[in-house]
Amino acid sequence: MNEKNAFVETTAFFNNTIVYEGIIRVRFNDNGIFPFPEDLSQADIPVSVKRKMAAEMKRYIKPQKKYL
C-alpha cells in the first residue's frame, strides 16, 4: 500500500475571526485521505469548525494526491 503524509499549514476562520493557525498532518493512500484526529483535537474551536476543517483538508489534498 502506498501511504504518504502531508503537512498542511492551516488558518481557520469562524465568524470572520482567526480561531486556529497551525499545521495539520494528513495521511493519504489508495483508500482515502485522513487528517490526523490528534491535530484536529488540539485546536480549541467548535466541533462544527473541526469537521469543516477536516473536509477542507480532504478537498485540498485530493487534486494534488498524484503529484505528492
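This report walks through the sheet, the helix across it and the salt bridges of a predicted model.

## The sheet

Let's start with the strands. Three of them make up an open sheet, ordered S1-S2-S3, with antiparallel pairing. The edges belong to strand S1 (4-14) and strand S3 (32-35); each has a single partner strand, so one side of each has no neighbour in the sheet. From one strand to the next, the twist averages 30 degrees.

Between S2 and S3, the antiparallel pairing runs over four bridges. If you would like a residue to look for here, try valine 26, whose bridge partner in S3 is proline 35.

## The helix across the strands

Helix H2 covers residues 47-61. H2 lies across S1, S2 and S3, and its direction makes an angle of about 135 degrees with S1.

## Salt bridges between strand S2 and helix H1

Now to the charged side chains. Side chains of opposite charge can pair when their charged atoms come close. The structure holds five salt bridges, and two that involve arginine 25 make a good place to begin.

In one of them, arginine 25 meets glutamate 38, with an N to O distance of 3.6 Å. Arginine 25 belongs to strand S2 (residues 17-29) and glutamate 38 to helix H1 (residues 37-42), so this pair ties together parts that are 13 residues apart in sequence. Arginine 25 also forms a salt bridge with aspartate 39, at 3.0 Å from N to O. Here too the pair links distant parts of the chain, with arginine 25 in strand S2 and aspartate 39 in helix H1, 14 residues apart.

How exposed or buried are these residues? Aspartate 39 has 8% relative accessibility and therefore counts as buried, the limit being under 20%. Arginine 25, at 28%, is partly exposed, and glutamate 38 is partly exposed as well, with a relative accessible area of 42%.

## A salt bridge within helix H2

Helix H2 has a salt bridge of its own, between glutamate 56 and arginine 59. The closest N and O atoms of this pair are 2.9 Å apart. Because glutamate 56 and arginine 59 are three residues apart in helix H2, about one helical turn separates them.

For accessibility, glutamate 56 is partly exposed, with a relative accessible area of 28%. Arginine 59 reaches 60% and so counts as exposed, since the limit is over 50%. Back at arginine 25, salt bridges with shared partners join Arg25, Glu38 and Asp39 into one network.

Technical notes:
Residues numbered from 1 in each chain as written. Predicted model: local features only at pLDDT ≥ 70, side-chain atom pairs only at ≥ 80, totals over all residues. Heavy atoms only, no water. Salt bridge = Lys/Arg side-chain N within 4 Å of Asp/Glu carboxyl O. Helix = DSSP H or I, 4+ residues; strand = E, 2+ residues; numbered from the N terminus. Buried < 20%, exposed > 50% of the residue type's maximum accessible area, 1.4 Å probe, protein only. Pairing = 2+ DSSP bridges. Axes fitted to C-alpha atoms, helices over the stretch in contact; angles between N-to-C directions. Contact = heavy atoms within 4.5 Å.
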